[in-house]
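Please find below some notes on the aromatic residues and the surface of this structure, set out as numbered points for reading alongside the coordinates.

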Amino acid sequence: MSQALLAPGADAIPVHLVSETGWDTLQNALAPIERGFASASGFAPKAGRLALLPAEDGSLARVLFGLGDPSAVTFDRFLTGKLPGLLPAGDYRLLPAEGTDPAEAALAWLLGSYKFERYRKPGPARPRLVAPDGVDATRIERIAAAVAAGRDLINTPSNDLGPAEIEAAIRGLGERFNATVSVVTGEALRTEFPLVHAVGAASPRVPRLIDLTWGPEGAPRVTLVGKGVVFDTGGLDIKPSAGMLLMKKDMGGAAAALAAAEMIMGDDLPIRLRLIVPSVENAISGEAFRPGDVIRSRAGLTVEIGNTDAEGRLILADALALAEADEPELLIDFATLTGAARVALGPDLPAFFTGDEGLARAVAEAGAKVHDPVWRLPLHPPYASLLDSKIADLNNVSGGPFAGAITAALFLRRFAPKTGAHLHFDLYGWNPSSKPGRPEGGEVQTARLVHALVADRYGAA
């Protein structure tokens with residue numbers, strides 16, 4: 001659960017966000033005992049430095065927190081997200097430095113306050129923050145709560161998070177926002193979404209396709225599709241044990257899509273939103289699909305299975321075919337799809353693909369605006385031939401070792417060829433180590449970006 005901000009005006013300890021250029025002025029304004037203590041403790045306004053300054057009675061009078069140079073390219077705009085892990089319990093208020101954004105600093109604080117404590121006793125009380133003057137505290141809290149809910153889904157181990165639990169999360173979201181939710185399972189799934197059914201058939205946990213719709217029917221149509229593989233053994237092309245350790249996060253695309261949908265609905269944006277999540281467990285049993293199988297997809301294209309560990313693109317293919325039939329103005333899919341994207345860009349920088357140049361610019365701008373970075377990789381058409389099959393319309397994997405993220409994106413495009421404004425995110429969904437505002441563990445990468453993108457594109461309600 002995310003923290004709430006305290007009401008403005010609440011009695012709280014001031015936290016001075018100190019830049020290199022503002023330190024001299026602030027230092028001169030401190031009481032002599034505070035100035036002396038800061039000097040004795042060696043405080044300097046370098047990024048992440050902290051000083052707790054006592055009052056004459058020994059209580060905590062104020063806090064100094066170094067920012068370094070906020071204009072530097074390397075400045076971390078979520079640096080205040082470190083403070084919840086550094087400060088003692090209590091109530092605090094931020095005094096921003098010139099060039100910093102109070103709303104962004106408050107959001108970073110809330111994101112940095114997140115802890116996943118489902119399986120252990122709650123830790124000690126955390127510090128609380130007073131909402132800075134002039135910010136939309138309710139909106140900041142909504143964004144932080146959506147991120148926390150998505151992180152919780154990714155962090156929950158697979159024995160407690162299967163397709164049924166993904167469905168329950170989406171139904172809960174639908175109830176909160178008066179959205180319509182429908183689910184396809186069983187024989188209907190086998191008939192209508194054969195790739196989703198094939199990938200999930202080996203698990204005793206029933207595969208399904210979950211479909212949420214919200215907003216006025218005549219409004220611009222925006223569709224989000226999230227990969228919901230709750231655990232990926234690799235199937236019969238089984239992963240090595242080390243490759244399975246983080247596979248509870250293979251539904252990170254679904255979590256990101258849910259978080260983005262929650263933010264969009266929370267802002268009551270004037271769109272017709274659709275959220276589609278195919279959810280399966282890629283397990284191993286006598287019912288497992290096999291390398292060399294050929295499966296006819298919902299779109300009618302036949303797919304030869306070159307590798308059962310490339311299952312995410314299969315379930316997304318059927319979901320994208322469903323989405324395109326609705327003729328959305330904007331179609332976005334989220335998936336923890338390829339190791340190739342991680343090799344190219346690392347865990348912190350999701351890859352994105354689109355053939356729409358205007359959309360590509362808007363994505364880059366939205367990511368920079370809300371500090372949710374991404375990097376564009378090309379949809380290079382000649383690489384499509386790497387997916388050729390001798391017996392089917394296409395193979396689900398490339399015939400060679402190169403350009404794995406690009407060929408995966410090209411595979412998906414085959415199932416939504418008419419939608420020009422199609423955006424594909426290949427993300428990691430995990431923070432390997434803690435950074436300000438981004439604790440180690442599950443992360444709903446690109447969710448805040450998509451929220452900002454849709455808000456910028458369609459305006460407020």
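**Notes on aromatic contacts and surface**

1. Phe352 has a relative accessible area of 3% and is therefore buried. The model is a predicted one, and the values here are to be read in that light.

2. Phe425 likewise counts as buried, because its relative accessibility is 0%. The ring centres of Phe352 and Phe425 lie 6.4 Å apart with the planes at 55 degrees, so this pair is tilted. The pair links distant parts of the chain, since Phe352 belongs to strand β14 (residues 351-353) and Phe425 to strand β17 (residues 422-426), 73 residues apart. Together with Phe334, these two residues form one aromatic cluster.

3. The structure holds six aromatic pairs. One of them joins Tyr92 and Trp109, whose ring centres are 6.3 Å apart and whose planes meet at 45 degrees, so that the pair is tilted. Tyr92 lies in strand β4 (residues 91-95) and Trp109 in helix α3 (residues 102-112), so the pair ties together parts that are 17 residues apart in sequence. Tyr92 is buried at 0% relative accessibility, and Trp109 is buried with a relative accessible area of 0%.

4. Charged side chains also meet aromatic rings: the charged end of Arg151 sits over the ring of Tyr114, 5.2 Å from its centre, and the charged end of Lys249 sits over the ring of Tyr428, 4.1 Å from its centre.

5. On the surface, Leu50, Leu52 and Leu86 form a nonpolar patch with about 200 Å² of accessible area together. Leu52, found in strand β2 (residues 50-54), counts as partly exposed because its relative accessibility is 33%.

Terms used
Residues are numbered from 1 along each chain as its sequence is written. This is a predicted model: local features need pLDDT of at least 70, side-chain atom pairs count only at pLDDT 80 or more; totals for chains, interfaces and linings use all residues. Side-chain values use heavy atoms; hydrogens and water are left out. Patches are made of residues with over 30% relative accessible area and no salt bridge: like charges are joined within 9 Å, nonpolar side chains (Val, Leu, Ile, Met, Phe, Trp, Tyr) within 5 Å. Accessible areas come from the Shrake-Rupley method with a 1.4 Å probe; for residues, only the protein chains shown count as cover. A salt bridge is a side-chain nitrogen of Lys or Arg within 4 Å of a carboxyl oxygen of Asp or Glu. Helices (H or I, at least four residues) and strands (E, at least two) are DSSP runs, numbered from the N terminus. Buried means under 20% relative accessible area, exposed over 50%, partly exposed in between (1.4 Å probe, protein chains only). Rings of Phe, Tyr and Trp (its six-membered ring) pair if their centres lie within 6.5 Å; planes under 30 degrees apart count as stacked, over 60 as edge-to-face and the rest as tilted. A charge sits over a ring if NZ of Lys or CZ of Arg is within 6 Å of the ring centre and within 35 degrees of the ring normal.
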